Amino acid sequence: MGVLAGRTALVTGANRGIGRGIAERLGRDGARVAVHYGRNEAAAKETVAAIEAAGGSAFAIGVELGLPGDAEALWEEFDRHADGLDILVNNAAIGSSRPIEELDEEEYDTVFAVNVKAPFFLVKHGIPRLRDGGRVINISSGLARTAAMPNNMAYAMTKSALDVLSRDLSKVLGPRNITVNSVAPGIIATDNTYELLHKSEDAWADAAALSALGRVGETADVADVVAFLASDGGRWVTGSWVDVTGGSLT
Ligand SMILES: NC(=O)c1ccc[n+]([C@@H]2O[C@H](COP(=O)([O-])OP(=O)(O)OC[C@H]3O[C@@H](n4cnc5c(N)ncnc54)[C@H](OP(=O)(O)O)[C@@H]3O)[C@@H](O)[C@H]2O)c1
């Protein structure tokens, strides 16, 4: 039996990329997984099928985040499938890589709505559903702590805000033995970084060189850390910012 047997997890943005890696890993560890997606239902169904093929249990829920009432809509959908929650992973997010001179208010508002407002209200409305001893894991970014890519400033600002949510919420939920942490990846090969990693012949090697370990990160590098925090082994880690950048910030 997996270490998360009997637990229910919700992973936002779990139809592809890092979220899919996390959902599949938590599913392998025995959790029943709510695979959230925004638009790509077919990919969410593939993730559910992959979890089931590995012997796990999962269901898909689709709600676009960043719109008024998104959190309530997501939980309403969740409640149709499950009765309570043990692990909430706020993973869904969008990037923004425009220099400040070119960034308009619309893009600023959108990136904050999806990356900050949505997880805040998902947590707010999720608290009554979260069982004691549970976990909240917010997927941040190494960019919250380095000025290496200033064109991503607005995006990095959203991740810093998410980190404050992790820090302060850990105090709010601590009395219920619920841990709250940020997990901060470096460059991971996903759709999100495809352009960055393929913009020139040397782009992949340049990205790999940023890491002390000399390679580009994989979704499993993040999923394994999330799985640890979600397990009983992570019980004494809360309010933390976990660097999963492969040493890119050192
Ligand atoms: N990749 C990296 O190098 C890297 C580095 C540091 C941090 N991160 C963080 O890791 C997380 C995952 O990144 P990723 O690279 O896996 O991203 P990705 O491949 O672009 O996937 C994004 C996911 O979020 C969902 N999503 C995006 N906007 C949404 C919206 N408005 N409503 C609902 N769902 C939405 C997408 O669902 P649909 O497909 O249905 O739209 C998709 O599942 C993000 O928080 C990101 O900031 C990534």
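## Around the ligand

Let's start at the ligand: the shell around it is made up of 13 nonpolar, 13 polar and 5 charged residues. Keep in mind as you look around that this is a predicted model. Of the 31 residues around the ligand, those that come nearest are Asn15, Arg16, Asn91, Tyr155 and Thr190.

Two of these residues also reach ligand oxygen with their side chains. Tyr155 places a polar side-chain atom 2.5 Å from an oxygen atom of the ligand, and for Thr190 an N or O atom in the side chain is 2.5 Å from a ligand oxygen. Asn192 joins in as well, with a polar side-chain atom 3.4 Å from an oxygen atom of the ligand. How much of the ligand's accessible area does the protein cover? On its own the ligand has 890 Å², and the protein covers 92% of that.

## Which elements build the shell

Four elements give two or more residues to the shell around the ligand: helix H1 (17-28), strand S2 (32-37), helix H5 (153-173) and helix H6 (191-198). The largest share comes from H6, with 3 residues.

## The chain as a whole

Stepping back, the protein chain holds 8 helices and 7 strands. Its C-alpha atoms fill a box of roughly 45 × 35 × 35 Å along the principal axes. Why can the chain be called a compact globule? Because a compact globule of 250 residues would have a radius of gyration near 18 Å, and the 17 Å of the protein chain agrees with that.

## An enclosed cavity

The count of cavities of 30 Å³ or more comes to 1. The largest cavity has a volume of about 50 Å³. Its lining includes Thr12, Leu65, Asn90, Asn91, Lys159 and Leu162. You have already met Asn91, one of the residues that come nearest to the ligand.

By class, the lining of this largest cavity divides into 7 nonpolar, 4 polar and 1 charged residues. Helix H4 (105-126) and H5 each supply at least two residues of the lining, and the largest share, 3 residues, comes from H4. H5 also gives two or more residues to the shell around the ligand.

## The second largest pocket

The second largest pocket offers about 180 Å³ of space. Among the residues that line this pocket are Ser170, Lys171, Asn177, Arg235 and Trp236. The pocket lining divides into 2 nonpolar, 6 polar and 2 charged residues.

Terms used:
Residues numbered from 1 in each chain as written. Predicted model: local features only at pLDDT ≥ 70, side-chain atom pairs only at ≥ 80, totals over all residues. Heavy atoms only, no water. 1 Å grid on protein atoms, 1.4 Å probe; cavity = no way out; pocket = protein on both sides within 12 Å on 5 of 7 lines; lining within 4 Å. Points joined across faces, edges and corners; volume = space filled by probe spheres on them. Nonpolar A, V, L, I, M, F, W, Y, C, P; charged D, E, K, R; others polar. Near = heavy atom within 4 Å. Polar contact = N/O pair within 3.5 Å; in protein donor to acceptor, adjacent residues only side chain to side chain. Areas by Shrake-Rupley, 256 points an atom, 1.4 Å probe, with all protein chains shown as cover. Rg over C-alpha atoms; globule rule 2.2 N^0.38 Å.
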